[in-house]
Amino acid sequence: MSNEDVEAIPPSSSPAMLDETTKEYLFSTDEGTLSKASAEAQVPTAHLDIGPEGLSFYNMDLYESRERLDIFTEELSSSRTEDEQFTAMEDSNESRPRTEEEEYDLYTAEVSEMARQYGIWDDKEDMEMGFQTQEPFVMVTQKQEPAVQDIKTWGEEPVKGEPKEGGAGEKRDSIHKTPAVDEGGSMEHHEPCYPSEGDEPQSHEQYVGQRQYSEEAFEEEEWEEEGSQAMKASRGDTQIREFVGFSAKTQEDLTMDMDNPEDGFRASEHTHDLEEGQPGAQAGGEDEVPDVFCMECKIAIRAFDKVFGSHKDHQVTKLSIAAEDTKVEIHKTMCKLEEQIAQMENFASHLEEIFITVEENFGRQEQNLEQHYNEVIQTLTQRYEEKTSGLEDEKKQKLEKLYSQLVNCGKTLDISKDLIEAAQEICRNEDKLAFLQVAVPTVERIEEYTASDPDLKLSASLEFENDAIDFSDVRQMMDSINIVPAPSAPVINPQTPNSSTSTSVRVCWSLFSDDTVEYYELYYKPVLEGTTADENEEQDASMVKVKETYCTVLNLVPNTQYEFWVTALNTTGISPASERAVYMTVPSPPVIKKKLCRSCPNAALIRWESGNTNPVDSYTVELCEISRERSETAVTESIVGIPTYESVIQLLSGRSYLIYVRAVNIGGPSERSDPVIIYTTGTFFRLNEDTAHPSLAISEDGFTMFYGDEYTELNDITFSDNTFSRCVAIMGELIPIRGKHYWEVEVEEHTEYRIGVAYEDTQRNGYLGANNTSWCMRHVMTPSRHKYEFLHNGSTPDIRITMHPKRIGVSLDYETGKLAFFNTDLSQHIYTYKCHFLHYVHPCFALEKPGALTVHNGIEAPEYITFS
Amino acid sequence: MSGTPFLTAVARIITRHKLYNIRLHTSSYTAMALTQVSSNKCFDGFQKVFEHDSTELKCKMRFGIYLPPKAESGKCPVLYWLSGLTCTEQNFITKAGSQQEAAEHGIIIVCPDTSPRGCNIEGEDESWDFGTGAGFYVNATEDQWKVNYRMYSYITEELPHLISSNFPADSERMSISGHSMGGHGALICALKNPGKYKSVSAFAPICNPMQCPWGQKAFNGYLGSDKSKWESYDATVLVSAYSGPQLDILIDQGRDDQFLAAGQLLPDNFIAACTEKKIPVVFRLQQGYDHSYYFVCSFISNHIKHHAKYLNA
């Protein structure tokens with residue numbers, strides 16, 4: 001029974017933790033195996049007596065920290081250590097049964113009660129109990145086996161957890177149920193497996209059994225409660241999942257430093273049953289190293305487990321593969337981390353930059369503020385001084401006026417008093433006449449004086465002049481402190497290479513760093529040639545608003561100059577316009593005249609037309625070699641600065657090339673033209689129909705010529721200078737390369753023809769071969785035989801051919817000065833002219849009687865032509 | 001074949017010609033001793049003359065061989081050159097100027113004598129156009145001549161065997177050419193052994209010996225009066241019976257050749273037969289040239305190129 005548990009449990013806890021604990025168990029179980037205690041007989045005993053011991057023993061183990069487990073793993077390798085350890089454990093088991101039992105009973109009672117009441121396990125108690133039980137054990141082990149020292153290490157760890165227990169306690173409660181369920185499930189369902197586990201793990205089972213039973217005893221009630229739930233879980237794995245879920249949850253809930261305590265808690269909680277189970281699982285693994293990897297549980301298991309064990313329905317892989325996979329995963333994670341690190345580094349450096357920028361900006365702003373406030377203060381001071389001095393002046397002025405008025409008043413008073421005195425004196429005069437004589441003027445004087453009203457107005461107003469203090473300018477200044485000044489004129493950049501297309505240009509400009517610009521207005525208009533500056537000025541400029549210091553202006557005309565200028569704006573105002581810069585759109589792509597392109601094994605002549613109405617600066621030819629391996633080929637060579645509409649390009653023989661042409665002006669190169677495909681397998685030329693005798697018809701593909709039956713009145717035909725007028729002939733256009741050329745001509749057996757070459761200016765009114773500017777093989781039918789002539793300058797060697805060629809190969813080699821003819825069907829060399837061609841020659845074809853000739857070219861010259 | 005010459009030959013091989021790697025064959029030409037008569041460096045190769053005892057001809061025979069520089073490093077194709085009436089192996093190697101072109105194309109040129117010599121046959125030295133120097137490249141059937149005058153077998157069997165056994169020659173690649181009577185020999189060898197020779201060419205060949213005085217005299221002497229026997233040595237007749245790989249026959253003929261005018265060569269008959277049989281021939285009537293080696297050396301490079309085209313293909 002315990003065995004089944006053992007099997008069921010390992011997968012149930014969170015994989016990593018369980019794994020480690022499992023390893024430990026492995027040890028102890030190993031020992032069990034070795035001692036081979038009789039399993040079944042002991043089970044009952046164990047159940048009765050040793051149960052608590054076993055429990056506590058495992059409890060202890062469960063408390064162990066990861067570190068400890070790791071160390072153990074290493075030690076596992078030596079079986080001796082294991083032995084010793086086992087002994088130690090046994091010893092310890094025996095040494096402490098009493099205490100444990102007591103504690104355990106207490107614990108069990110309490111716990112089960114509480115669990116029933118609250119559904120909560122008392123963690124604290126649990127912990128404490130764990131400690132107590134452990135310590136004696138640790139000491140014992142220490143004496144015997146240094147390796148077990150680790151236990152001590154872990155033993156201290158839970159202490160850390162203790163204080164936090166209370167907080168975590170509630171969360172832990174939720175877990176409690178799970179172990180119980182698990183136990184139930186595993187016990188019930190895995191029983192059938194028990195016999196198959198064999199004898200070896202039995203001794204271990206014993207321990208497990210002990211624990212199990214004892215646990216069962218105290219858990220029974222709880223178990224019954226939750227039994228139904230447990231039953232539902234029909235399979236170990238279902239339970240496992242549940243458990244994993246729980247433990248995961250717990251882990252999340254608990255803080256990091258609680259990790260170790262958590263182990264402890266679990267152990268002290270009913271989790272120990274589960275972990276007891278683990279030894280079993282390990283027990284299985286002891287004899288055989290795990291050889292497969294359970295994908296679902298993420299642990300290494302034995303293949304056996306896959307077949308019969310709890311991993312029955314799990315997906316498994318080979319350990320090596322699993323290890324590889326895990327490595328790959330780890331590697332991926334590492335890569336991700338590395339990426340993150342890189343990103344963070346980038347971000348950090350970016351932050352640094354921003355930091356600096358912000359710092360600078362604020363510094364600038366501070367300066368700005370200081371400057372502005374200084375200005376304002378100065379202005380205010382000045383204003384104050386002005387005002388105060390004004391007031392002073394006004395005061396002085398007014399006081400002076402008032403004083404003088406006061407003085408005047410005094411004077412008037414004095415005069416009035418004098419007059420009164422004088423009048424009184426007169427009145428006192430008894431002499432009437434004298435009185436009268438004196439009185440009259442005096443009265444007049446008085447009357448005169450009184451007639452003028454005394455001035456009683458205040459000469460100075462009491463009001464303050466200029467009392468209204470005007471702060472508007474100051475306010476403006478104040479306001480302007482937070483408002484940036486209007487920007488200065490931006491600086492427009494000259495056109496940079498590759499910044500334009502045929503319909504767009506990318507204009508760039510820059511601003512002074514102090515300026516704050518909300519947006520720019522970019523103006524442009526085409527520069528029309530042949531117009532005066534004034535006329536140009538009249539055109540309406542287009543405008544775009546841009547936030548950036550660059551703008552790609554679209555919808556322009558190809559190969560055209562445009563004038564650009566830019567102004568900067570912000571809330572304060574608009575800057576002056578920048579200088580004007582002329583940008584040019586690139587030309588439209590040229591158009592290759594494919595019908596006029598020719599080639600030979602080491603060169604090609606490409607012709608094109610501009611594609612633009614106004615002239616461009618030059619043309620660029622680009623070559624892409626087409627290779628079979630790479631479908632998309634890069635430009636292998638560019639020929640730049642071609643001023644004309646054609647170019648001879650040196651190529652490698654036996655290759656295929658895509659050739660493009662671009663038109664170039666100061667704005668840059670145009671898009672590529674449509675390509676022409678050149679094969680340098682052989683010489684390729686076309687017939688120049690301008691030279692064709694009027695009676696000669698050319699097929700649509702341009703390679704077959706017909707001389708019709710009907711007799712044409714020569715008089716009716718007008719000949720151009722270039723047309724063969726006597727010989728019904730046509731000239732091909734060979735590429736002007738002094739290399740080797742080869743082409744073939746298909747003839748009928750009875751066709752009478754002349755095939756050869758001629759200088760371009762060979763007489764048009766003569767017969768081919770009849771002059772020293774042409775060389776040709778002539779075939780005529782005499783009544784007796786086919787006659788072949790190799791004419792130059794009107795003469796021929798006497799050559800007789802027994803087989804009449806159907807296809808004639810013509811090989812022209814300027815270097816060796818050879819013009820050779822072959823019967824290609826037989827690889828037969830017929831004749832070779834040896835002559836030095838002073839000029840370029842062109843293929844010539846003539847028909848003497850109605851018939852047809854077909855030119856085949858662009859074909860590789862056969863090897864045998866070198867033996868001629 | 002008596003035992004004595006055989007043993008002698010073996011002894012000679014061992015003693016004198018350690019130079020050459022002689023392999024013993026089960027054929028009738030097993031014992032072949034070569035005596036170097038002369039060796040001259042020429043265009044980085046060597047023009048040599050060897051003497052050997054011919055089993056076909058039962059006499060000592062000499063042949064010239066040009067070994068191009070390429071022969072030092074590997075096997076080379078062989079061009080057999082058959083000389084005309086009165087010639088020995090010397091005429092061609094001294095007059096034709098073939099070595100330069102042969103060196104260029106890496107071709108060994110083997111140039112045998114034109115008849116057995118010193119056989120003490122009555123009348124063999126009587127005339128220049130019969131007997132010594134006029135073997136006509138036939139296997140004689142007349143009693144008087146049939147022991148020694150087996151030039152056809154000598155050229156097509158013994159000599160190639162000798163060459164491939166003693167020199168770095170590729171027996172798979174051989175061609176044949178000749179002048180006058182040798183032209184006749186070249187044509188009949190090629191026509192009678194389809195595929196044996198990669199190519200054939202001729203200078204002023206006796207194209208139709210049955211119809212010309214030289215041929216009639218020789219055939220009558222060597223083969224008897226039965227003209228049906230003659231046909232197997234007449235190029236023009238052989239052409240019409242030819243069936244085999246495509247030939248490409250190059251013939252040069254001097255227009256001022258006195259023997260052309262004398263009706264000894266009759267190229268027209270041959271051309272007509274080839275035209276009929278659709279056997280490719282390029283026949284070049286070279287204006288102003290006669291029958292001499294001056295004519296031969298004027299066009300020998302054309303012919304070597306012609307052969308090189310097939311030998312080096």
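How many residue pairs are in polar contact across the interface of chain A and chain B? In this predicted model, the count comes to 8 pairs, with both residues of each pair at pLDDT 80 or more.

As for who does the touching, β28 (798-801) and β31 (828-834) of chain A each put at least two residues into the side that meets chain B. The top contributor on that side is β28(A), which hands over 4 residues. By residue type, the chain A side splits into 7 nonpolar, 6 polar and 3 charged residues.

Strand pairing also links the two chains. β28(A) lines up with strand β9 (residues 281-286) of chain B, running antiparallel to it over 4 bridges. Within that pairing, I801(A) has V282(B) of β9(B) as its bridge partner.

Charged contacts turn up here too: there are 2 salt bridges between chain A and chain B. One of them joins R800(A) to D268(B), and their closest N and O atoms sit 2.4 Å apart.

Now for the overall footprint. Chain A brings 16 residues to the contact, and chain B brings 21 residues. Put together, the two chains bury about 1700 Å², with carbon and sulfur atoms accounting for 55% of that area. On the chain A side, the residues that lose the most area to chain B are R800(A), T802(A) and F867(A), which together make up 42% of what that side buries. R800(A) thus shows up twice, once in this trio and once in the salt bridge with D268(B).

Terms used:
Residues numbered from 1 in each chain as written. Chains lettered and ligands numbered in written order. Predicted model: local features only at pLDDT ≥ 70, side-chain atom pairs only at ≥ 80, totals over all residues. Heavy atoms only, no water. Contact = heavy atoms within 4.5 Å. Buried area = accessible area lost by both parts, 1.4 Å probe. Salt bridge = Lys/Arg side-chain N within 4 Å of Asp/Glu carboxyl O. Polar contact = N/O pair within 3.5 Å; in protein donor to acceptor, adjacent residues only side chain to side chain. Nonpolar A, V, L, I, M, F, W, Y, C, P; charged D, E, K, R; others polar. Pairing = 2+ DSSP bridges.
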